[in-house]
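Trainee: Could you take me through this one? I'd like to know where the labels come from before I start using them.

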Amino acid sequence: MFIRRMTPMLCMSVCLLVVPGPTATAQQATPSHAFQVIDTVNAELALLHEANESGPANDPNAPALTPRRPRHVLQNALLVHAKVQALRQLCGLSASPRPALPANEVTPKDVKALLTAILQDTRTLRAVFGVEAPAVEKPFVDGKQPLDVYRQITNASLQLDGLGIPAVVPNDVYRRALEVHDALREVVVARRGTAPDIKRTSRGKTPRDVYDVAFTLLERLKLLAERRPAFAIPGGVILPNKRGGAIMPSHVIALMNDALGEIHSMRIVSGFDPPLARAPAQSGKTPSDVFDAVRTSVDLVDMLIDGET
């Protein structure tokens, strides 16, 4: 049950807090500085759970993580940012807009800035949940890598799921698939003069079908980066380990986030602006709709693989 001990009056209150900043300046930002901020976010979320007598969600079938780069970390952080806004709205607070992607290859500085915004928005939930403990400030620990930050962001995501935010549904995944499609289509039109639009042809697709085609998209992006110098990105496209067991829409959106991170980097190295504005909210979408959108994106990448010199 969501926020069992919260009263309606508290839910509508807005808490004005002085939020201490991270110990490092933006110019000094490294993965270790970003880790310090997300570690603090997790400690703050744990206080919300303690007050709410609840606990984080679990993900028993999560595969082992592969190495991550800052672009993957930022996309995962954007998902957590959206979840924090959903929780704030459930509590009667205003939602902060989603930050724009940087016009450069993502750096730890970009990640730290987004995580700092997440921390600030998380702390404003203290009054809603009745948390009176002093604000947490986790210590700095050197030697952290992007993978460590990514893992802590995933932990924060599970903590937010345990606080009762709405689950990811096909409408959410389709919205992300549109962003992938539009970011790719602009590149294909510029280089080939034409590109396919999404057409609905599939029926009866399952989340597993969508997950598999989303994984295929990442494999094609990896091939594009390897074969075509115009799309060679720092570190190359890194594939996650494939997930077994039951597939949920949230598992698909994680793959689409990876794809957006790789495409953002490809657009920068190939001379395009960062991906386009966020797609509008969707309704009435099914796994089959999402499958067709992702399948069309696979076709777009194949056109770049076949048509680039």
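Mentor: Elements first: helices are DSSP runs of H or I with at least four residues, strands are DSSP runs of E with at least two, and both are numbered from the N terminus. You're looking at a predicted model, where local features need pLDDT of at least 70 and side-chain atom pairs count only at pLDDT 80 or more, while totals for chains, interfaces and linings use all residues. Residues are numbered from 1 along each chain as its sequence is written, and side-chain values use heavy atoms, with hydrogens and water left out.

Trainee: Okay, where is Glu-53 found?

Mentor: Glu-53 sits in the loop between helix 2 and helix 3, the latter covering 70-90.

Trainee: And what makes its phi worth a look?

Mentor: Most residues other than glycine have a negative phi. Glu-53 is not glycine, yet its phi is positive, near 55 degrees.

Trainee: Why is Glu-53 called buried or exposed?

Mentor: The scale is relative accessible area: under 20% is buried, over 50% is exposed and in between is partly exposed (1.4 Å probe, protein chains only). Glu-53 comes out at 53%, so it counts as exposed.

Trainee: What about Thr-286, which class does that get?

Mentor: With a relative accessible area of 28%, Thr-286 goes down as partly exposed. It's another loop residue, between helix 9 and helix 10 (287-307).

Trainee: Which residues is Thr-286 in contact with, and how do you know that?

Mentor: Contact means heavy atoms within 4.5 Å. Leaving aside neighbours within four places in sequence, Thr-286 has Pro-170 and Arg-200 as contacts. As for Asp-209, it is 77 residues away from Thr-286 along the chain, with 12 Å between the C-alpha atoms.

Trainee: Over to helix 2 (residues 31-52), where Glu-44 has its place. Why is Glu-44 called buried or exposed?

Mentor: Glu-44 has 1% relative accessibility, so it counts as buried. Beyond four places in sequence, it touches Leu-119, Thr-122, Arg-123, Arg-126, Ala-135 and Val-136. Ile-233 is another matter: 189 residues from Glu-44 in sequence and 36 Å away in space, C-alpha to C-alpha.

Trainee: His-33 is in helix 2 too. Which class does its accessibility give?

Mentor: His-33 is at 11%, so it counts as buried. Its C-alpha atom is 13 Å from that of Leu-147, 114 residues apart along the chain.

Trainee: Thr-116 belongs to helix 4 (residues 108-123). How do you know whether it's buried or exposed?

Mentor: Same test: 16% relative accessibility, so Thr-116 is buried. Val-37 is 79 residues from it in sequence but 6.4 Å in space, C-alpha to C-alpha.

Trainee: And Asn-257, in helix 9 (residues 249-269): which residues does it touch?

Mentor: Gln-75, Leu-79 and Arg-176, again not counting residues up to four places away in sequence. With a relative accessible area of 3%, Asn-257 is buried.

Trainee: Zooming out, how many helices and strands are there?

Mentor: The protein has 10 helices and 0 strands. Its radius of gyration is 20 Å, close to the 19 Å that the globule rule gives for 309 residues, so it is as compact as a globular protein of that length. That radius is taken over C-alpha atoms, and the rule is 2.2 Å times the number of residues to the power 0.38. Buried residues make up 49% of the 309.

Trainee: Last one: what makes something a pocket?

Mentor: On a 1 Å grid over the protein atoms alone, a pocket is an open set of points with protein on both sides within 12 Å along at least five of seven lines, and lining residues have an atom within 4 Å of a point. The second largest pocket here is lined by 13 residues, with Arg-98, Leu-101, Pro-275, Leu-276 and Arg-278 nearest its centre.

Conventions. On a 1 Å grid over the protein atoms alone, a cavity is a set of points where a 1.4 Å probe fits but cannot get out, and a pocket is an open set with protein on both sides within 12 Å along at least five of seven lines; lining residues have an atom within 4 Å of a point.
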